[in-house]
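Thank you all for coming. Please take a moment to look at the sequence and the model before I begin, and keep them in view while I talk.

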Amino acid sequence: MTAGPFLLLAALCLVVGVAAGARWPRLWLVLVMTGTIAALVAALIMLLGAPDWEWRNQFSVGGEPLHFRLDALSALFLALVGVVGGAGAVYAGGYWPDSHYPASAPRSRTWWAALILSMLAILLSSNGLHFLIAWELFAISAYFLITLDNAQREVRAAGWLYLAVSHAGTVCLFAFFAGLAARTGSWELGPMREQAGLAPFFWLMLMGFGVKAGVFPLHIWLPSAHANAPSHVSAIMSGVAIKMGVYGIIRFSGWLPAPAAAGWVVLGLGAMGALLGIIFAFAQNDFKRLLAYCSVENVGVIMVGLGAALLASAHGGGLWGQLALAGALLHVWNHGLFKSLLFFGAGSVLHATGTREMSRLGGLWRVMPWTAGLFGVGALAVSSLPPLNGFVSEWLVYLGLFDAVTGRGPAAGAAMLAAILLGMAGALALASFLKAGSVIFLGAARTKAAALAHESGWQMRGPMLVLAALCGLIGLAPVIFWPAVARAVGIWLPAWTPAAAPAPLLTLGTVHVVLALLIAVAATWLWHKAHVNGLRRGLTWDCAYEGPAARMQYSGGSFSSTSAQWFSWILRPVLSLRRPRGPFPSAAVRLETFPEAVLERIVAPVGTAVMQISTAVRRLQHGRLQAYILYIVAGLTALSGLVLLGGAR
Amino acid sequence: MNLAIDLIARLAWWLLLAPLLPGVINKVKAWVGGRRGPPVLQLYYDLMRLWQKGVVLSKLASPGFVAGPAVAWVAITAAAMLVPLGPMGAALSFRGDVLLMLYLLALARFCTGWAAMETGSAFEGMGTVREVSYAVLAEAALIAAMLSLSVQTGSVALATMLDPSAGAGAVLLAAGIFTVLLAENCRVPFDDPSTHLELTMIHEAMILDHSGPPLAVILHGASVKLLLFSVLLTEAVLPMGELSPFAKMGALLAGVLTVTISVGLVESLLARFAFRRVPLLLTTAILLCLFALLVAWKGGAV
Amino acid sequence: MSVNLNLLIGLAMGLNLIALGSSRLPALIRTMSLQGVVLGIMPLLMEARFDWQVWLVAFATIGGKGLIIPALLRRAMRAANIQREVDPFIGFVPSLLLGAGGTIAAVALARALPLLPEHAGSLLVPGALASVLTGFILLIGRAKAISQVCGYLILENGIYLFGLLLIHSTPLLVEAGVLLDLTVGVFVIGIIVDRIQRAFDSLDTRKLTVLRE
């Protein structure tokens with residue numbers, strides 16, 4: 001079996017889906033499901049060991065003949081596109097229905113199909129020019145999906161920010177691909193590690209794809225875009241779309257010769273990004289922003305794995321690099337799965353209550369037990385706790401780092417620091433998701449909206465169930481997924497031929513299964529024992545206070561206050577405070593927000609300065625002819641002065 | 001058959017010995033304070049009593065309130081099974097089990113915190129926040145400590161990491177792990193287990209609403225965690241490589257006892273720190289472990 | 001011999017960090033005096049045979065840094081009724097991290113320096129650099145005059161460690177000079193502290209900026 005027919009089917013379905021989306025929702029759903037499943041099957045065929053699929057045609061687009069290719073590395077990402085693309089299409093039917101959004105729901109369908117199609121094209125393109133075209137289509141369709149709800153000012157602002165930053169990245173990619181074509185004499189892409197002269201292009205590539213991937217200082221568009229987009233869009237943006245940036249970085253760091261500093265830079269960016277990203281996540285009170293910042297952290301984890309692999313391949317090709325890269329690639333899947341799951345859960349909550357502010361929620365488990373449970377699974381997975389999938393990939397990355405340290409190679413020092421930072425990031429991720437889960441779902445409802453919420457329909461719960469099941473499956477049986485990941489690692493650096501699954505991975509899977517069983521048994525037994533002994537319901541203990549109110553509960557802000565104080569030097573909180581005054585005080589307010597610090601403190605001031613300079617320069621341009629003649633005379637004089645001086649020398 | 005006996009012996013060590021530790025600590029505290037103090041076996045009596053009692057559940061709590069302690073207990077016990085016991089070795093040893101141990105402890109933290117937040121009580125929120133926030137720094141210290149052990153031995157499996165002597169950085173490492181032990185187990189100077197003022201507690205504040213069997217499970221889990229850290233500290237620092245099995249067992253027991261008594265002495269002689277001073281102490285622990293790591297790294301190279 | 005010496009220097013470096021983390025003046029003074037004693041023992045370890053000059057240095061150091069100066073400082077604190085809190089400009093955690101980073105950098109830097117082969121394995125130079133750095137952090141980052149004196153003394157301990165490199169050739173010269181300077185300095189500060197206290201009812205150096213006109 002080859003992947004070709006399935007890819008053709010997927011492309012056809014999606015093309016028709018783009019056309020049919022606006023008019024026929026049912027047909028669209030069938031088409032998108034068929035397309036994504038076909039893409040998934042094609043990816044699985046590749047990952048199970050089929051030889052690389054390649055297709056050339058003399059038919060040319062933009063003067064370049066078509067050339068598509070699918071190998072294990074791109075198939076790994078394609079599988080993720082298939083799973084989340086299909087799940088999101090089903091979810092969108094319940095979350096963004098025509099009945100509520102008659103104007104934007106058809107647009108949502110059209111651009112959804114276009115987004116998946118463009119991602120398919122990115123993963124298949126083996127020609128720089130076509131890659132760029134697909135990349136642009138991808139950026140544009142993501143923009144239209146983010147701004148579906150364009151009546152709101154915030155959404156429009158987020159969309160513009162995304163578009164502007166994304167294009168700044170695309171400029172780098174244009175320079176990258178054009179430079180590559182100029183150097184090699186062809187737009188064809190492929191392994192070119194031997195041509196050492198191409199090494200500087202690595203940095204352009206890192207900039208260009210780093211923007212889309214949300215690597216730490218380049219992530220400025222990400223929080224507002226992911227928070228303001230509709231949740232099915234946030235899910236695919238966070239779970240899959242930023243992975244296209246990751247794909248670019250991994251793909252081209254494998255194909256290009258890496259400069260000497262590459263591994264250090266990527267590892268450093270990753271470790272810092274993981275820690276800083278999660279620091280910002282923990283401080284947020286908007287749960288979708290929290291999830292968005294958490295994506296920055298997870299991309300950091302992936303970058304740590306890739307950085308370790310780059311270092312290993314630069315310093316003698318230690319096996320630890322292979323482990324770390326395998327961890328990073330598995331984390332691409334894992335993050336895609338649990339982050340989509342969490343965004344779907346967040347969407348259900350938003351759908352039911354209409355607020356993204358977690359301190360207005362609470363006690364939702366009673367009305368939304370399914371969503372609460374599934375969100376809990378996602379929270380455990382994203383905190384990389386055993387026995388779920390997040391732990392497996394982080395464990396592989398850690399193992400790579402620990403091996404680098406025990407090997408005492410040149411990268412040992414960096415690996416040490418990265419491992420310690422990852423440990424802190426892990427503990428903060430746990431804190432962040434304990435905060436999100438408990439403030440939203442536990443305790444008592446803080447507002448009426450939360451009390452009157454309702455469980456979402458099967459159309460929304462089904463995709464979440466599928467994603468949660470996949471999270472569990474990767475956690476309990478990681479060995480099944482190893483060959484796929486190992487093949488992708490082998491594509492990245494052919495010297496690392498796909499090895500058998502390391503024995504500890506098998507043990508880890510077994511331990512996870514046993515652990516899951518024991519947990520189930522212990523929880524049931526304790527629940528049973530409590531019932532046997534007699535169970536009585538009472539008030540929550542509040543220092544013997546008899547009238548506890550929902551507003552007295554710990555809110556999101558108080559949950560993160562301790563660590564927000566530690567990290568205030570980077571978080572830069574904005575505090576608005578109205579103290580109660582006088583004998584009959586009016587309402588007092590204390591509001592602490594954590595804006596995007598890189599954007600507000602670095603990018604915005606620099607932008608303002610540039611604008612000011614430009615405005616000052618523009619004053620020279622006022623339309624008075626006399627002045628222009630004066631400029632010309634001044635310019636000529638200056639030039640002749642230069643010539644004279646030069647001649648004298 | 002051997003496997004079953006080994007497993008039973010191991011479980012007996014971890015589960016039956018653990019409640020002794022808080023008893024010893026309390027005895028030491030009483031002795032320093034010139035009191036007679038509760039019997040050493042007090043926690044056993046408490047656990048048995050609690051196991052028989054009924055449960056009062058907050059009106060707001062979901063089933064997670066009871067499931068949380070169960071999961072935490074399983075996670076802590078599983079983490080303990082990964083720690084080698086002197087001559088017995090570990091129940092299961094594989095490359096990277098040290099990370100599994102750390103993350104199982106994290107799972108326990110998540111579940112205890114989740115159960116605490118179930119009730120919507122601000123006190124429990126306070127305790128949870130402190131617990132998870134301090135864990136951020138403690139986690140960094142632990143990873144640094146584990147890295148220094150694996151640098152010394154060139155291994156990433158607990159059984160071999162903890163086996164030989166710890167070398168030059170042992171004092172630094174011991175001080176670092178001991179500080180983390182105090183923080184992770186909520187002892188003075190981070191938390192005062194004997195106070196009854198909700199505002200100043202961490203662990204005790206988290207379990208205010210628990211009663212009956214779930215409370216018993218939490219208390220027992222906490223004591224297993226304390227034993228786990230004591231064993232870890234002892235084996236990381238004591239050079240037990242070439243001793244005979246009996247001497248090893250004796251050394252392990254003596255080490256655990258020393259650690260326990262030290263905890264008791266610290267609690268008697270030190271007051272609880274103000275919460276804003278806690279990060280300083282934990283940063284010190286991180287630095288201690290980091291320096292131990294650097295000594296191990298450079299020491300091996302010279 | 002060298003192992004013991006290195007352990008002592010390591011201890012002194014640890015005391016540096018403790019000094020940075022101390023939030024109470026008595027603790028800071030105690031740390032400093034302990035460091036003085038540790039430093040005093042070092043020359044005895046370095047010189048294998050009996051040499052009265054070395055013993056003199058050792059006793060002078062232990063007596064001066066370990067006993068007399070701390071006693072003077074404590075007396076000054078009592079006499080001037082100084083609050084025991086250290087008033088930090090740079091918080092404790094940042095100064096601790098700075099100090100630790102400085103220590104690691106000092107060790108790394110010392111490897112790059114062109115040292116005599118006999119000093120290559122020793123921690124003397126890194127210890128000296130780290131102490132000087134700690135002294136500076138204390139001088140820059142603390143408000144009270146007493147903690148400034150402590151910072152100054154720790155800085156001087158660093159210079160003393162450098163001086164130990166020369167102990168074989170000129171045992172007394174460097175140390176005696178420095179110690180003399182310092183004793184005079186402490187006496188002067190003791191007197192000034194007393195005067196400031198009487199004039200301003202406080203020992204906060206921030207208030208001295210009033211005098212700038």
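**Helices, strands and contacts between chains**

I will begin inside chain B, where helix H6 and helix H8 cross in the left-handed sense. What you are looking at is a predicted model, so please keep that in mind throughout. The axes of H6(B) and H8(B), the latter being residues 170-184, come within 10 Å and cross at roughly 150°. If you would like to find the place on your screen, look on H6(B) for Tyr134(B), Ala138(B), Ala141(B), Leu142(B), Ala145(B) and Ser148(B), which meet Leu173(B), Gly176(B), Ile177(B), Val180(B), Ala183(B) and Glu184(B) of H8(B). Sorted by class, the residues of this contact are 9 nonpolar, 2 polar and 1 charged.

Let me set beside that another pair of helices in chain B, namely H10(B) and H11(B), the second of which covers residues 245-269. These two pack at an angle of about 115°, with their axes 9 Å apart, and their crossing is right-handed. From H10(B) the contact takes Ser230(B), Val231(B), Leu233(B) and Thr234(B), while H11(B) brings Leu252(B), Gly255(B), Val256(B), Val259(B) and Thr260(B). Here the classes come out as 5 nonpolar and 4 polar, with no charged residues.

Now I would like to move from the inside of chain B to its neighbours. How many residues does each chain bring to the contact between chain A and chain B? Chain B contributes 68 residues and chain A contributes 65 residues. On the side of chain B, the elements that give two or more residues are strand S1 (55-58) and the helices H4 (64-82), H5 (97-117), H6 (122-153), H10 (212-237) and H12 (278-301). You will recognise H6(B) from a moment ago, and H6(B) is the element that gives the most to this side, with 16 residues. Taken together, the residues on the side of chain B that touches chain A divide into 44 nonpolar, 15 polar and 9 charged.

The strand in that list deserves a second look, since S1(B) pairs with strand S3 of chain A, residues 535-538, in the parallel sense and over 4 bridges. One of the places to look is Arg536(A), whose bridge partner in S1(B) is Val56(B).

Chain B also meets chain C, through 6 residues of chain B and 8 residues of chain C. The residues on the side of chain B that touches chain C are 4 nonpolar and 2 polar, with no charged ones.

Let me turn to chain A as a whole, whose secondary structure comes to 23 helices and 5 strands. The radius of gyration of chain A is 27 Å, close to the 26 Å that the globule rule gives for 649 residues, and therefore chain A is as compact as a globular protein of that length. Along the principal axes, the C-alpha atoms of chain A fill a box of roughly 100 × 75 × 60 Å. Of the 649 residues in chain A, 57% are buried, and if we take the contacts in chain A with a separation of 6 or more, residues 24 or more positions apart account for 80% of them.

Is strand S4 of chain A, residues 574-578, buried or in the open? Of its 5 residues the number buried is 0, so S4(A) lies largely in the open. S4(A) pairs in the antiparallel sense with strand S5 of chain A, residues 589-593, over 5 bridges, and within that pairing Arg578(A) has Val589(A) as its bridge partner in S5(A).

One single residue of chain A is also worth finding, and that is Arg107(A), which lies in helix H4 of chain A, residues 104-124. Why do we call Arg107(A) partly exposed? Arg107(A) has 18 other C-beta atoms within 10 Å, and a residue counts as buried at 20 or more and as exposed at 12 or fewer, so Arg107(A) falls in between. Leaving aside residues up to four places away in sequence, Arg107(A) touches Phe144(A) and Leu148(A). Arg107(A) and Ala92(A), which are 15 residues apart in sequence, are 12 Å apart in space, taken from C-alpha to C-alpha.

I will finish with chain C, which has 7 helices and 0 strands. Of the 213 residues of chain C, 42% count as buried, and among the contacts in chain C with a separation of 6 or more, 74% are between residues 24 or more positions apart.

Methods: Residues are numbered from 1 along each chain as its sequence is written. Chains are lettered from A and ligands numbered from 1 in the order in which they are written. This is a predicted model: local features need pLDDT of at least 70, side-chain atom pairs count only at pLDDT 80 or more; totals for chains, interfaces and linings use all residues. Two residues are in contact if their C-beta atoms, placed from the backbone, lie within 7 Å. Ala, Val, Leu, Ile, Met, Phe, Trp, Tyr, Cys and Pro count as nonpolar, Asp, Glu, Lys and Arg as charged, and the others, Gly among them, as polar. Two strands pair if DSSP finds at least two bridges between them. Axes are lines fitted to C-alpha atoms, for helices over the stretch in contact, and angles run from 0 to 180 degrees between N-to-C directions. A crossing is left-handed if the near helix is turned anticlockwise from the far one by less than a right angle, and right-handed if clockwise. The radius of gyration is taken over C-alpha atoms; the globule rule is 2.2 Å times the number of residues to the power 0.38.
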